[in-house]
Amino acid sequence: MEINQKYSKKCYWDARFNNEESYEWIAEFEEFGELLLKHIKPNDKILHIGCGNSQLSQQLFDKGYKNITNLDFSSVIVNKGNICNPHFNWICDDMRTLSNIESNSFDIVLEKAAIESLTTRDRIYNFKMSELNDNELERLRMNADNLSHCLHSLMARIRDLESKNGDPPMKISNPEKDTSDCQVCSNETITTDEKTGLKKKVIVTERVLTTKTFHAIPDNAASNNFKKKIDINELTCENNLPINLVCDDDMTINEKRIIKVPGKEIHKLNLECINGKYIINKKHKLNNNLKIGEIIEEVNGEKVTNKNQLLGYNDSLDLVVRNSLIGEGNTKFMKLMENNCSAKMGSILEVLDKNDYNYTVRNINYPENIFSLPASTLHLNVSLISPLPRRVICLVGSRGVGRSSIKHLLLTQCKHVFSTIIPYTTRKRLNGEIEGLDYNYITKREFLSRVRSDDFFEFGEVDNVLYGSSKSDIRRLIRTGKIVIIDSSMNGVRNLSNREFMPFTICIKAPSLSELMELNNKIYDTEKTETELEKIYETSEKFSNNDHRNLFDITIVNRNHDLSVQKILTCLDNLKNQSLWTPTSWIF
């Protein structure tokens, strides 16, 4: 298990919860929910300690467990929870002391990976194994060994199935000599029988074993190296990593603030919606505390999901704002080629706004410092390049093979490496949808204008509604050093197959029909009929063997979403070290 000093620091979690909606540690509810529900009753009083932004409590609530209290030592997540999920009780407390919890006030206590914050290098508690009961320790060791053998058998079975179907077999290590990372979690509950008065002690022990953690790109910043040649209009800034400004020690650049502004004047703000975030993209005179490049997250306690929420007020508004991260807006970058009173020669600046006379910029190393530069300042336009040779990952395949699930996992597990674009549509926003997150909503006139300017790499019409995906959105993300993942049609792949985008096309294929039925009945439980599964298999076979298969770089049989993601990451990692046949037109 990775020893991470950050996890014991409250400032780390406060800053993380400010920017992260949700994250599931170890496993999703679907993987362990059936086992968990055997031990709890609908009327039990449940305490979820170290809840963080996990969806576990909400998933239990949806299953009928209504009496749930969430506890975390981060006041940020507790305050968010009180606003967004008032149907839970929220307590800000340290799980090591539980000073705000009365004894015997809960029937069930849940803990999911919170123990990891206690196993850091600067441990607050030094657990001594000699203090544990010998019998209990022996039982824990026996359970851990049993689970280890079960995992080894499962991986061996996967290897056999893949070998049978012609796939490269998974490497299986000896469980007795296995050096994989592991984590042991023990959860203890005590209940009292109402009739007999006898106490029952239940200990649930988990030993989670994983293969060595894969990182397509290390998540730590390196110094920028720049090409020496400067006799061209645009240069490319090379960096080993995508931009990452989240520091371990100082997490203050993304602190949220509450700003009061007059409701009648709010329309003077120039806002741009990018990926569901409303960013101030022009200078204004509304309020000196509202700066260009800041994101408006809430208005009067409600999350901003569309611009209309800011209109129609006469009284003052309470806006919750934060600084945007570098590259979070629709911005460009420049490298200073001469010294300036605000920045040194060689500094990389993010351009937030410009006019005929000035640039409004900020240094990527000091993002809170925003200043103006004369338009005559000597500079070069630069972009951040990912270390992988391909700029776009195209996931293709027929319906029902798991493309969306794999894409979601890649974006969740490697958000510092990958990003995606949001499609455009001419229909109105539906209830529950968020502008810039579900779709970008534009008029039919704007849509057709983008078609004429060749901005859409794929578009179409469904029920008199137009849908399309933009090349300019891909360019914006590429400039920030991200690899763009899209769930595309083959026409979209063809339109992106050029020197600018250099797509890496991955065909996701369904397993054999017998395997598909077994997976559906025993693992995923999707309630699909045999006829539906047969159709998924047949259309997948037809798609993967069609004439357009010559555009596939690799084909992955998706028997398990997590394993498919690992195969993709391994393949992308190999691209950095292996030569690859590439169309000549993409190079010269």
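The following questions and answers concern the predicted model shown above.

Me: On what basis are residues numbered and features reported here?
Reply: Residues are numbered from 1 along each chain as its sequence is written. In this predicted model local features need pLDDT of at least 70, side-chain atom pairs count only at pLDDT 80 or more, totals for chains, interfaces and linings use all residues, and side-chain values use heavy atoms, with hydrogens and water left out.

Me: What is the strand order of the open sheet of 4 strands?
Reply: Helices (H or I, at least four residues) and strands (E, at least two) are DSSP runs, numbered from the N terminus. Two strands pair if DSSP finds at least two bridges between them. The edge strands, each pairing on one side only, are β3 (89-92) and β4 (108-111). With parallel pairing, the order is β3-β2-β1-β4.

Me: Which residue is the bridge partner of histidine 48 in β4?
Reply: β1 and β4 are joined in the parallel sense by 4 bridges. Within β4, the partner of histidine 48 is leucine 110.

Me: Is cysteine 51 buried or exposed?
Reply: Cysteine 51 is placed in the loop between β1 (46-49) and α3 (56-62). Buried means under 20% relative accessible area, exposed over 50%, and partly exposed in between, with a 1.4 Å probe and protein chains only. The relative accessible area of cysteine 51 is 5%, so the residue is buried.

Me: Which residues is cysteine 51 in contact with, leaving aside its neighbours within four places in sequence?
Reply: Contact means heavy atoms within 4.5 Å. The C-alpha atoms of cysteine 51 and lysine 112 are separated by 7.7 Å, although these residues are 61 residues apart along the chain. Leaving aside neighbours within four places in sequence, the contacts of cysteine 51 are Asn70, Leu71, Asp72 and Trp90.

Me: At roughly what angle do the axes of helix α1 and helix α4 cross?
Reply: Axes are lines fitted to C-alpha atoms, for helices over the stretch in contact, and angles run from 0 to 180 degrees between N-to-C directions. The axes of α1 (residues 10-19) and α4 (residues 75-84) come within 8 Å and cross at roughly 35°.

Me: Which residues of α4 make the contact with α1?
Reply: On the α1 side, the contact is made by Lys10, Asp14, Phe17 and Asn18. On the α4 side, it is made by Ser75, Val76, Ile77 and Lys80.

Me: Which element gives the largest share of the largest nonpolar core?
Reply: A nonpolar core is a set of buried Ala, Val, Leu, Ile, Met, Phe, Trp, Tyr and Cys residues joined through side-chain atoms within 4.5 Å. The largest such core has 27 residues, and those with the most contacts inside it are Ile393, Leu410, Phe418, Ile506, Ile568 and Leu572. Elements giving two or more residues to this core include β21 (392-396), β28 (503-509) and α11 (530-544). The largest share, 6 residues, comes from α12.

Me: Which strands are at the edges of the open sheet with the order β22-β27-β21-β28-β29?
Reply: This open sheet has 5 strands with parallel pairing. Within it, β28 and β29 run parallel and are joined by 4 bridges. The edge strands, each pairing on one side only, are β22 (418-419) and β29 (554-557).

Me: Which strand has its direction at about 150° to that of helix α8?
Reply: Helix α8 (residues 471-479) packs on the sheet and touches β21, β22 and β27. The strand whose direction makes about 150° with that of α8 is β27.
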